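The following questions and answers examine one protein chain step by step. Please consult the sequence and the structure as you read.

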Amino acid sequence: QVQLVESGGGLVQPGGSLRLSCAASGFTLDSSAIGWFRQAPGKEREGVSCITVSDSSTYYADSVKGRFAISRDNAKNTVDLQMNSLKSEDTAVYYCATTFWISGETLCRDGKVNYWGQGTQVTVSS
């Protein structure tokens, strides 16, 4: 069974950092794109950062450029999202997602998701 399991969410002060991790099982990330989406109350789902596994090309939403960094470990089938300089507007449920035969940019922009994780809550508040 394909599973994506997120971890690392929690409560953090503005300006702080969190590192989210997504562990994938039941499939290989080869020929896949994987990344992170988020959804806050009253807002549309947003593709935050996605990576194309085959060539490691990355996509970042404008709102997180320079603050977030996506990384992967193909041997472990994990992908992390390092979030720095967090702002209150980063508060959302963050979901790991993956698809096949599509680039990371397309995944994040189009949301053509094959599998979703359960989500992890990130709250940025003083």
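Q: How much area does the protein chain expose, and what share of it do carbon and sulfur atoms supply?
A: The model considered here is predicted. In this model, the protein chain exposes about 6,200 Å². The share supplied by carbon and sulfur atoms is 45%.

Q: Which pattern of helices and strands does the protein chain follow along the sequence?
A: The protein chain contains 1 helix and 11 strands. Read along the sequence, these elements give the pattern β-β-β-β-β-β-β-β-β-α-β-β.

Q: What radius of gyration does the protein chain have, set against that of a compact globule?
A: For 126 residues, a compact globule would have a radius of gyration near 14 Å. The value for the protein chain agrees with this, because it is 13 Å.

Q: Is Arg67 buried or exposed?
A: Arg67 lies in the loop between strand E6 (58–60) and strand E7 (68–73). A residue counts as buried when its relative accessible area is under 20%. Arg67 has a relative accessibility of 10%, and therefore it counts as buried.

Q: With the side chain of which residue does the side chain of Arg67 make a polar contact?
A: Leaving aside residues up to four places away in sequence, Arg67 touches Gln82, Met83, Asn84, Ser85, Leu86, Lys87 and Asp90. The side chain of Arg67 makes a polar contact, at 2.7 Å, with the side chain of Asp90.

Conventions: Residues numbered from 1 in each chain as written. Predicted model: local features only at pLDDT ≥ 70, side-chain atom pairs only at ≥ 80, totals over all residues. Heavy atoms only, no water. Helix = DSSP H or I, 4+ residues; strand = E, 2+ residues; numbered from the N terminus. Rg over C-alpha atoms; globule rule 2.2 N^0.38 Å. Areas by Shrake-Rupley, 256 points an atom, 1.4 Å probe, with all protein chains shown as cover. Buried < 20%, exposed > 50% of the residue type's maximum accessible area, 1.4 Å probe, protein only. Polar contact = N/O pair within 3.5 Å; in protein donor to acceptor, adjacent residues only side chain to side chain. Contact = heavy atoms within 4.5 Å.
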